[in-house]
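This report describes a metal site and a pocket in the model shown below.

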Amino acid sequence: MSQQRHYSPLDQVLIQADAALRTLLPFTGHTTRPSPAKLKDETLLSDQESRHVAGLMRINHTGEVCAQGLYQGQALTARLPHVRQAMEHAADEEIDHLAWCEQRIRELGSRPSLLNPIFYGLSFGIGATAGLISDRVSLGFVAATEDQVCKHLDHHLSQIPVTDEKSRAILEQMRVDEAQHSTTALNAGGLRFPAPVKMGMSLLSKVMTFSTYRI
Ligand SMILES: [Fe+2]
Ligand SMILES: [Fe+2]
């Protein structure tokens, strides 16, 4: 089904603005699945534990903001004739992740990062630029980003107290989804980036994690 609507430049601007606002304003994304945390009981965490988990969930939330920026930028410039639907499905799942993380951060008594607009803009630029270069580069970026996210999730899962079943349930489902997104992008022809590019990306992600854990 490759039914493609044609949008005017003004439509495009409005669609992008709508997506950006839905990403950056609290509780505005439409989720397709309920949060996995719903099925788990709340646990009593110490103040220190709560702050630490909230910091980790804030990093994950900003990661999802970046994913939104990347996918929206890609949707604007990449052609993706055969995989557009699959990539849109992945972008929908990212909206679920975004909402689940935000809800959990609030439950832990904190708030998402104030730096999110900056990271959204950066990721949007990367997604749009990669899409302009080629679909293979664009999909390669998605795959490399998702691999990076999986590493973060594994690291965070090893740090979150075992008693915090709500946070863990969210991250575990995200881990499954992100690995699938990476596979989808690679199967669709995404480039496997060489080590130096991946190192550059992980450096950027270190800046993101260091700053959003705190701000
Ligand atoms: Fe995600
Ligand atoms: Fe993903």
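The iron ion (ligand 1) and the iron ion (ligand 2) lie 3.6 Å apart, and Glu94 coordinates both. The model that holds these ions is a predicted one.

Around the iron ion (ligand 1), the donors are supplied by Glu64, which is listed with two OE entries, together with Glu94 (OE), His97 (ND1) and Glu178 (OE), at 1.9 to 2.3 Å. Along the chain, the donors of this ion follow the spacing E-x29-E-x2-H-x80-E. Distant parts of the chain are thereby linked: Glu64 belongs to helix α2 (residues 47-77) and Glu178 to helix α6 (residues 165-187), with the two positions 114 residues apart in numbering. Glu64 and Glu178 are both buried.

Helix α2 also takes part in a pocket. The second largest pocket has a volume of about 450 Å³. Its lining comprises 22 residues, and those that lie nearest the centre of the pocket are Cys66, Thr145, Leu204, Ser205 and Met208. Two or more lining residues come from each of the elements α2, α4 (116-133), α5 (135-159) and α7 (195-214). The largest share, seven residues, is given by α2.

The composition of this lining by residue class is as follows.

| Class in the lining of the second largest pocket | Number of residues |
|---|---|
| Nonpolar | 14 residues |
| Polar | seven residues |
| Charged | one residue |

Helix α2 thus appears in both descriptions: Glu64, in this helix, is one of the residues coordinating the iron ion (ligand 1), and α2 gives seven residues to the lining of the second largest pocket.

Notes. Residues numbered from 1 in each chain as written. Chains lettered and ligands numbered in written order. Predicted model: local features only at pLDDT ≥ 70, side-chain atom pairs only at ≥ 80, totals over all residues. Heavy atoms only, no water. Donors = N, O, S within 2.8 Å, 3.2 Å for Na, K, Ca; no water. Helix = DSSP H or I, 4+ residues; strand = E, 2+ residues; numbered from the N terminus. Buried < 20%, exposed > 50% of the residue type's maximum accessible area, 1.4 Å probe, protein only. 1 Å grid on protein atoms, 1.4 Å probe; cavity = no way out; pocket = protein on both sides within 12 Å on 5 of 7 lines; lining within 4 Å. Points joined across faces, edges and corners; volume = space filled by probe spheres on them. Nonpolar A, V, L, I, M, F, W, Y, C, P; charged D, E, K, R; others polar.
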